[in-house]
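This report introduces selected features of one structure to a reader who has not met it before. Please keep the sequence and the model in view while reading.

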Amino acid sequence: MVLIPLLQRCIQLLTLPVYLLSYLGLWDPLCKKIFPYLMAKCSTIYNRKLFQQKQDLFSNLGEFAGPSRELRLLEIGTGTGANFQFYPPGCRVTCTDPNPNFEGFLLKSISDSPHLRFERFMVASGEDLLPVADDSMDVVVCTLVLCSVRSIEQVLREVLRVLRLGGALYFLEHVAADHSSWGYFWQQIYNPTWRYLGDGCCLTRETWKDLEKAGFSELKLRHIDAPMSWNPTRPHIIGYAVK
């Protein structure tokens, strides 16, 4: 369809300064510094709009606690710590994020979450969790992260490595809309520029397909539309997968 690339070029023209900064090698470091401030604002709004969905998703976390009854939880792409309020008391949390500029926001969330036990914060991507031992986690949490990683397949391999047998990956991710919908039409138009503005975030990933073929023993997954006003990230998947 000729219309999609034409409209993509129109969006790119409107955001030409971003593309120029990227060409000069200046955009990525600038985005890495700005993005945590943007996410701090957006996460508050997102949590308010999807509070019930998150509460329901994490309601059975405690069922995956190990024999000691302590829940060992690894969060990939922790960002500002927007999920902490949904974790059960006494949960031992290890945080990772590839962007070190989130640490200040994360420390604030940690101080506001005395019900949790924080183990450490690691600057690491989801594709490379080598500091985390094999079979050492009861739960891995990944929300609004798989849209921007380099390789979903590699992230899921790492998740399966660090999870103990019977442990679970909890996920909440925005995904591609139905290909026959207007939502997908606009996702395709915005996607090239969105990836620059969103620090690598992709609007058109069919993440559920990666989860289905990753090799989990059980997968509980639902497609939902996030209760937000018109937004190219409305289509979501939510659920958990058991190793």
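## Leu144 and its surroundings

In this predicted model, Leu144 is partly exposed, because its relative accessible area is 28%, a value that lies between the limits of 20% for buried and 50% for exposed. Leu144 belongs to the loop that connects strand E4 (137-143) with helix H6 (152-162).

The backbone at Leu144 also deserves attention. Most residues other than glycine have a negative phi. Leu144 is not a glycine, yet its phi is positive, at about 55°.

## Asp199, after helix H7

A positive phi is also found at Asp199, which is not a glycine either; the value there is about 55°. Asp199 sits in the loop between H7 and helix H8 (207-212), and its place in the chain is just after H7.

## Helix H7

Helix H7 is formed by residues 182-197, 16 residues in total. From its first C-alpha to its last it reaches 22 Å, which is close to the 22 Å expected at 1.5 Å a residue. Within H7 there is nevertheless a kink of about 55° at Asn191. The proline Pro192 follows shortly after the kink.

Which residues of H7 are buried? They are Tyr184, Phe185, Gln187, Ile189, Asn191 and Thr193. Asn191 is thus both the site of the kink and one of the buried residues. The cover over the buried residues of H7 includes two helices, H1 (3-14) and H2 (16-23), together with strand E7 (235-242).

## Strand E2 and its partners

Strand E2, residues 92-97, is mostly covered, with 5 of its 6 residues buried. E2 pairs with strand E1 (residues 72-76), and these two strands run parallel, joined by 5 bridges. In this pairing, Cys95 of E2 has Glu75 opposite to it.

E2 also pairs with strand E3 (residues 117-123), again in the parallel sense, over 6 bridges. Here the bridge partner of Thr96 is Met122 in E3. Between E2 and E3 the chain passes through helix H5 (residues 103-111), and this β-α-β crossover is right-handed.

## Points to locate in the model

Three places may serve as landmarks for a reader new to the structure. One is Leu144, partly exposed in the loop between E4 and H6. Another is the kink at Asn191 in H7. A further one is E2, which is paired with E1 and with E3.

Technical notes:
Residues numbered from 1 in each chain as written. Predicted model: local features only at pLDDT ≥ 70, side-chain atom pairs only at ≥ 80, totals over all residues. Heavy atoms only, no water. Helix = DSSP H or I, 4+ residues; strand = E, 2+ residues; numbered from the N terminus. Expected span 1.5 Å × (residues − 1). Bend = angle between axes of the 7 residues up to and from the residue. Buried < 20%, exposed > 50% of the residue type's maximum accessible area, 1.4 Å probe, protein only. Contact = heavy atoms within 4.5 Å. Pairing = 2+ DSSP bridges. Right-handed = clockwise from strand over helix to strand, strands pointing away.
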